[in-house]
Amino acid sequence: MSLFRGLKFLTTVNDLRTLPLDGREVAFAGRSNAGKSSAINTLANHTRLAYVSKTPGRTQHINYFTFGSDELKRLVDLPGYGYAEVPAAVRAHWEGLLGRYLKERDHLIGLVLIMDSRRPLTELDRRMLDWFLPTGKPVHCLLTKSDKLSNQERTNALRSVQKEFANNPQVTVQLFSSLKKQGVEETEKVVGAWFAE
Ligand code: GDP
């Protein structure tokens, strides 16, 4: 079975002190509404594994999934950042938590950064990268909702992000559409290779 098809919900945590103590994980991060839940559901071929179109609440969670029955191989759905409706103090709390997680989490082997292909690399996306890239671990950017772009716009979006990281082999980029289920194999290949190392 392909890697993501076996995804199963494991647990929810609110606090970095209660994260699993063993195994390896890949994290999915992105601005709220970038299409992260839809991408996870599409990769898993499951309609509601990760919850889509949540009301931005005051409490956010880190959701853990396992790739099949092996609890030592996990996908971590990080809280979406950049919710305009959330009070500044709450945003700051969650951004601080994301920063600590990305900088310090030893069990993390790679980051999948979800960005809307129409507006990639926002200030907060860059902040995530600034926290994570110094770890030397790989980042794979999914430029989502690519179905909303013309062929030319898709090529331009992909090239512009690739160009930013032309000198950094740590970062790879692809287009993705949950609506059209495009890009699944490419993501599987990249994330599968991280676990195979
Ligand atoms: P999240 O907040 O990052 O988890 O974003 P969601 O997955 O909830 O998606 C936000 C909105 O974008 C929803 O209305 C989705 O239906 C829509 N959306 C997500 N992915 C795609 C896609 O690939 N194509 C299109 N056209 N819409 C999408």
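Phe28 of β2 stands opposite Val112 in β5, and β2 and β5 run parallel, joined by 6 bridges. This pairing belongs to a predicted model in which 7 strands form an open sheet of mixed pairing. Phe28 is also among the residues with the most contacts inside the largest nonpolar core, which has 43 residues. The points below proceed from the central strands to the sheet, the helices, the ligand shell and selected loop residues.

**Strands β2 and β5**

- Strand β2 is mostly covered, with 6 of its 7 residues buried.
- Besides the pair formed by Phe28 and Val112, Val26 stands opposite Gly110 in β5.
- β2 also pairs with strand β4 (residues 70-77), in the parallel sense and over 5 bridges; here Ala27 has Val76 of β4 as its bridge partner.
- Strand β5 is largely enclosed by the rest of the structure, because 7 of its 9 residues are buried.
- β5 pairs with β6 in the parallel sense over 6 bridges, and in this pairing Asp116 stands opposite Thr144 of β6.

**The sheet as a whole**

- The strand order across the open sheet is β1-β3-β4-β2-β5-β6-β7.
- From one strand to the next, the twist averages 25 degrees.
- The edges are occupied by β1 (7-13) and β7 (171-175); each has a single partner strand, so one side of each is left without a neighbour in the sheet.
- The partner joined to β1 through 6 bridges is strand β3 (residues 62-67), and these two strands run antiparallel.
- Within that antiparallel pair, Phe9 stands opposite Phe65 in β3.
- Strands of a sheet pair through backbone hydrogen bonds, in either the parallel or the antiparallel sense.

**The nonpolar core**

- The residues with the most contacts inside the largest nonpolar core are Phe28, Ala29, Leu113, Ile114 and Leu143.
- β5 supplies the largest share of this core, 6 residues.
- Leaving aside neighbours within four places in sequence, Phe28 is in contact with Lys36, Ile40, Leu75, Val76, Asp77, Leu78, Val112 and Ile114.
- In soluble globular proteins, nonpolar side chains tend to be buried together.

**Helices on the sheet and against each other**

- Helix α3 (residues 123-132) lies across β2 (24-30), β5 (108-116) and β6 (139-144), and runs at about 165 degrees to β5.
- Helix α4 (residues 151-164) lies across β6 and β7, running at about 175 degrees to β7.
- Helix α2 (residues 88-104) packs with α3 at an angle of about 35 degrees, their axes being 8 Å apart.
- On the α2 side, this contact is made by Leu98, Gly99, Leu102 and Lys103, and on the α3 side by Met128, Trp131 and Phe132.
- By class, the contact of α2 with α3 comprises 5 nonpolar, 1 polar and 1 charged residues.

**The shell around the ligand**

- There are 18 residues around the ligand, of which Gly35, Lys36, Ser37, Ser38 and Ser178 come nearest.
- The class composition of this shell is 3 nonpolar, 11 polar and 4 charged residues.
- Helix α1 (residues 36-44) contributes the largest share of the shell, 3 residues.
- Lys36, one of the residues nearest the ligand, is also in contact with Phe28.

**Loop residues**

- His107 is found in the loop between α2 and β5; it counts as partly exposed because 15 C-beta neighbours lie inside 10 Å, fewer than the 20 required for a buried residue.
- Not counting residues up to four places away in sequence, His107 touches Pro20, Gly23, Arg24 and Glu25.
- The C-alpha atoms of His107 and Leu21 are separated by 8.1 Å, although these residues are 86 residues apart along the chain.
- Leu121 has its place in the loop between β5 and α3, and has a positive phi of about 55 degrees although it is not a glycine.
- Leu121 is partly exposed, with 16 other C-beta atoms within 10 Å.
- Lys181 is found in the loop between β7 and α5 (184-196), and its phi is near 55 degrees, a positive value in a residue other than glycine.
- Lys181 is exposed, because 12 other C-beta atoms lie within 10 Å and a residue with 12 or fewer is classed as exposed.

Technical notes
Residues are numbered from 1 along each chain as its sequence is written. This is a predicted model: local features need pLDDT of at least 70, side-chain atom pairs count only at pLDDT 80 or more; totals for chains, interfaces and linings use all residues. A residue is near a molecule or strand if its C-beta atom, placed from the backbone, lies within 6 Å of it. Helices (H or I, at least four residues) and strands (E, at least two) are DSSP runs, numbered from the N terminus. Ala, Val, Leu, Ile, Met, Phe, Trp, Tyr, Cys and Pro count as nonpolar, Asp, Glu, Lys and Arg as charged, and the others, Gly among them, as polar. Two strands pair if DSSP finds at least two bridges between them. Axes are lines fitted to C-alpha atoms, for helices over the stretch in contact, and angles run from 0 to 180 degrees between N-to-C directions. Two residues are in contact if their C-beta atoms, placed from the backbone, lie within 7 Å. A nonpolar core is a set of buried Ala, Val, Leu, Ile, Met, Phe, Trp, Tyr and Cys residues joined through C-beta atoms within 7 Å.
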